[in-house]
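Good morning, and thank you for coming. I would like to take you through one structure, beginning with its charged side chains and ending in its interior.

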Amino acid sequence: MARVKIAYLGGGSSRAPGTMASFMHHGNEFDGSEFVLIDLDPDHLEVVRTLTEQLIRTSGLDITVTATTDQREGLRDVDAVLSSFRPGGFGARAIDERIPLKYGVIGQETQGPGGMMMALRSVQVIKELCANLADVAPRARIFNYTNPVNIVSQAVSDYTDIPIASFCEGPIVFPPVVAKAAGLDPAKLKANLVGINHNCWSNEATYDGQDAFPILRERYEALKGKPTDDVNGLRALHLAVAMESIPSDYFNYYYFRDEILREHQLAAKTRSEIIMDSLPDYWEHYREQAVADAPRLEQGRSRGGIHELELAIDAISAYYNDAATRLPFNITNTGGWLPGFADSTVVELWGTVDGKGFHPESQKPLPHSVVGITQQLAEYQILTAKAAWEGTAADAVRALMANPLVPSLSVAEAMYAELAAAQSAWLPERLLP
């Protein structure tokens, strides 16, 4: 079993208890290892550390866990960093969601102007992480879940030599969204989704061994216009049939923009504001379980569920145990694995992870019907990474204009000025108008 030292940046986040429970679920793969939880919130860190110690004790594992608010010291001599944090918390995300609505633009966690502001905040912390790793843990690798994962990976890949791979369950969970909306068996829909994170499409899709699209088209024709409780899924089904490619349902924001914008403008609360209402109960539950003799996290009272960041945990185990595992991951397109994208662009695709590293599978091109918007979003990804790492407010506006959700330069300039002013506490001065 791998004996490694793993730092978890974001170890006091609301997802951290579920993540540590997932690590302990895989505990035998990490026996003898040391975990260092790093976060800015000492109270939440202590809850997660205590809960993890209880999980270790009840599982009989040989694992140690410590916690610190000192990032640099926490990183000293680590082999791996798991990154999953939210600079500014859900309050900053609520700003990302609210302000764009005033300008007639969808505000969302990883897409459009909201996603760009999240990237600008996240990359400031990632820069500090990279500088510290160079000094105190130069052989460490980053396994990233910090959003937007594609832009974080693009920035680290463009400006450092530190190995980074980013993860998201999207390529696994998006096809079942379409199958369920169609009333079909999700297990029979086999789709290979590639592109960039949260903006991927299928380049191959079958249902029960046959071409998936005639079957999906027949189901959509039978369902369209009828009442549904799964509006998001039906939109994804509609999009799949129209473009003949299974989409990430994040593309609903681009292809059903007007309807979704109206829904968001009329909603009493944004997604972040709804999550904030649940946070006190999550932490009450975590505190209860931290002192329980046999701690057990409940799915409904744990942020994101009880098996969080599982893909990154699988990748860490596969790499340090040299146990070949097939996973989706985000990595530079070195070697041109995904046709139509530059070698330096971070793309999302499937491949194998083992002790030698990440080995992407060569991919068929995306269909002509969807490759254009994906390439545009890849250019937005590159521009945003540059603005976040070293750019100015003008660079940020240029990046914003490359995103299809932004309608005009005048809107981009005014919206960015208001967003940056509202989030100045988390941004460097060079990014302020």
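**Salt bridges, a cavity and some buried residues**

Let us begin with Glu 73 and Arg 76, whose side chains form a salt bridge with an N to O distance of 2.9 Å. Please keep in mind that the model is a predicted one. Side chains of opposite charge can pair when their charged atoms come close. How exposed are the two partners, Glu 73 and Arg 76? Glu 73 is partly exposed, with a relative accessible area of 41%, and Arg 76 is also partly exposed, at 32%.

A second salt bridge joins the side chains of Glu 221 and Lys 224, with 3.1 Å from N to O. Here Glu 221 has a relative accessibility of 44% and is partly exposed. Its partner Lys 224, at 42%, is partly exposed as well.

The third example is the salt bridge between Arg 326 and Glu 361, where the closest N and O atoms are 2.7 Å apart. Which parts of the chain does this pair tie together? Arg 326 belongs to strand β10, residues 325-332, while Glu 361 sits in the loop between β12 (357-360) and α14 (368-390), so the pair ties together parts that are 35 residues apart in sequence. As for accessibility, Arg 326 is partly exposed at 45%, and Glu 361 is partly exposed at 26%.

Salt bridges may also share partners: Arg 86, Arg 93, Glu 97 and Glu 109 are joined in this way into one network. Over the structure, the count comes to 21 salt bridges.

I now turn to empty space inside the model. Rolling a probe the size of a water molecule over the atoms shows where empty space is left. How many cavities of 30 Å³ or more does a search of the whole structure find? The search finds 1. The largest cavity holds about 70 Å³ of space. It is lined by 13 residues, and those closest to its centre are Thr 110, Gln 111, Asn 150, Asn 197 and Asn 199. Two helices, α6 (149-159) and α14, each contribute at least two residues to the lining. What is the character of this lining, in terms of nonpolar, polar and charged residues? The lining has 6 nonpolar residues, 7 polar residues and no charged ones.

Next, I would like to show two buried serines. Ser 248 is located in the loop between α9 (231-243) and α10 (252-255). With a relative accessibility of 0%, Ser 248 counts as buried. Where does its side chain reach? The side chain of Ser 248 comes to 2.9 Å from the backbone oxygen of His 198. Setting aside residues up to four places away in sequence, Ser 248 touches Phe 174, Leu 193, His 198, Asn 199 and Cys 200. One of these, Asn 199, has already appeared among the residues closest to the centre of the largest cavity.

The other serine, Ser 166, is part of strand β6, residues 164-166. Ser 166 is buried, with a relative accessible area of 0%. Its side chain makes a polar contact of 3.0 Å with the side chain of Asn 144. A further polar contact, of 2.7 Å, links the side chains of Ser 166 and Ser 153. Beyond its neighbours within four places in sequence, Ser 166 is in contact with Asn 144, Val 149, Ser 153, Phe 329 and Asn 330.

From single residues, let us move to a helix. How much of helix α1, residues 16-25, is buried? The helix is mostly covered, with 9 of its 10 residues buried. Among the buried residues of α1 are Pro 17, Gly 18, Met 20 and Phe 23. Which elements cover them? The covering includes the strands β1 (5-9), β2 (34-38) and β4 (80-83), together with the helices α2 (42-59), α12 (271-290) and α13 (310-320).

My last residue is Pro 175, in helix α7, residues 170-181. Pro 175 is buried, and its relative accessible area is 6%. Apart from residues up to four places away in sequence, Pro 175 touches Gly 170, Leu 189, Ala 191, Leu 193 and Ile 246. Leu 193 was also on the list of residues that Ser 248 touches. Finally, Pro 175 and Val 370 are 195 residues apart along the chain, and their C-alpha atoms are separated by 16 Å.

Thank you for your attention.

Methods: Residues are numbered from 1 along each chain as its sequence is written. This is a predicted model: local features need pLDDT of at least 70, side-chain atom pairs count only at pLDDT 80 or more; totals for chains, interfaces and linings use all residues. Side-chain values use heavy atoms; hydrogens and water are left out. A salt bridge is a side-chain nitrogen of Lys or Arg within 4 Å of a carboxyl oxygen of Asp or Glu. Buried means under 20% relative accessible area, exposed over 50%, partly exposed in between (1.4 Å probe, protein chains only). Helices (H or I, at least four residues) and strands (E, at least two) are DSSP runs, numbered from the N terminus. On a 1 Å grid over the protein atoms alone, a cavity is a set of points where a 1.4 Å probe fits but cannot get out, and a pocket is an open set with protein on both sides within 12 Å along at least five of seven lines; lining residues have an atom within 4 Å of a point. Grid points are joined across faces, edges and corners, and a volume is the space filled by probe spheres set on the points. Ala, Val, Leu, Ile, Met, Phe, Trp, Tyr, Cys and Pro count as nonpolar, Asp, Glu, Lys and Arg as charged, and the others, Gly among them, as polar. A polar contact is a pair of N or O atoms within 3.5 Å; within protein, one must be able to donate a hydrogen and the other to accept it, and residues adjacent in sequence count only if both atoms are side-chain atoms. Contact means heavy atoms within 4.5 Å.
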